[in-house]
Amino acid sequence: QSFGFKTYPPLHIERGGCDWQDVCRPRMSFEIQLNHPIDVHRFEAGMVSVVPALPGVKIVPSGNTISVQGNTTPNTHYAVVVRGGSAGVVDEFGQWLEYDHSLAWRVGEEEPSLFAPDGVVVLDPSAKRPTLDVFSVGYERLRVELYAVAPTDFAAYSAALMEMWR
């Protein structure tokens, strides 16, 4: 007679990264991937520590990943320690991470971004003070051109939009 069985290798950290990208930017989460799914019922946020501290930090286990989310600061080095041993992270097979693991991240510059409505935007003409909100990161100035139009101008606008993509 023969019997077969399978054992799982010890729990370990496979990699760490920023939202699965090579470049860390402010507000990107730190992702820590383990070789087995985490036992989320035994997981506690205190099993992961971050230095320097992150305001509003959230430690989220999901599958075989621990996500460290918070308001990271540009041009800052962060150290994340994942606790091992009997008080540390446990996988779904009951295996503890053998020892504490330290991972390092460097958060670079803020990437310039502009956030505004897209497409046709209509401001309420009956509003006391119609506004169009635009938000930016990494820009000191914004040049804006506004045009007053009537419904009869829509056909010309549509034609210009089609021509823009040629």
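The aromatic ring pairs and the unusual backbone geometry of this predicted model are described below.

Four aromatic pairs are present in the structure. In one of them, the ring centres of Tyr8 and Phe93 are separated by 3.7 Å and the ring planes are inclined at 10°, so this pair is classed as stacked, the cut-off for that class being planes under 30 degrees apart. The contact joins distant parts of the chain, since Tyr8 belongs to the segment before strand S1 (13-18), while Phe93 sits in the loop between strand S6 (76-82) and strand S7 (101-107), 85 residues apart. Both partners retain some accessibility: Tyr8 has a relative accessible area of 39% and is partly exposed, and Phe93, with a relative accessible area of 32%, is likewise partly exposed.

A tilted arrangement is found for the aromatic pair of Phe30 and Tyr78, for which the distance from centre to centre is 5.7 Å and the angle between the planes is 55°. Because Phe30 is part of strand S2 (residues 30-34) and Tyr78 is part of strand S6, this pair ties together parts of the chain that lie 48 residues apart in sequence. Phe30 counts as buried, its relative accessibility being 1%, and Tyr78 is also buried, at a relative accessibility of 4%; both assignments rest on the cut-off of under 20% relative accessible area. Phe30 and Tyr78 further belong to a cluster, linked through ring pairs, that includes Trp105.

With regard to the backbone, most peptide bonds are trans, and most residues other than glycine have a negative phi. Against this background, the peptide bond that leads from Val51 to Pro52 is cis, with an omega near -5°. Pro52 is located in the loop between strand S3 (48-51) and strand S4 (58-62).

A positive phi in a residue other than glycine is found at Arg27, where the value is near 75°, and also at Asn75, where phi is about 55°. Arg27 is placed in the loop between S1 and S2, whereas Asn75 occurs in the loop between strand S5 (65-69) and S6. In terms of solvent accessibility, Arg27 is partly exposed, with a relative accessible area of 48%, and Asn75 is partly exposed as well, its relative accessible area being 42%; for both residues the class follows because partly exposed denotes the range between the buried limit of 20% and the exposed limit of 50%.

Methods: Residues numbered from 1 in each chain as written. Predicted model: local features only at pLDDT ≥ 70, side-chain atom pairs only at ≥ 80, totals over all residues. Heavy atoms only, no water. Phe/Tyr/Trp six-rings, centres within 6.5 Å; stacked < 30°, edge-to-face > 60°. Helix = DSSP H or I, 4+ residues; strand = E, 2+ residues; numbered from the N terminus. Buried < 20%, exposed > 50% of the residue type's maximum accessible area, 1.4 Å probe, protein only.
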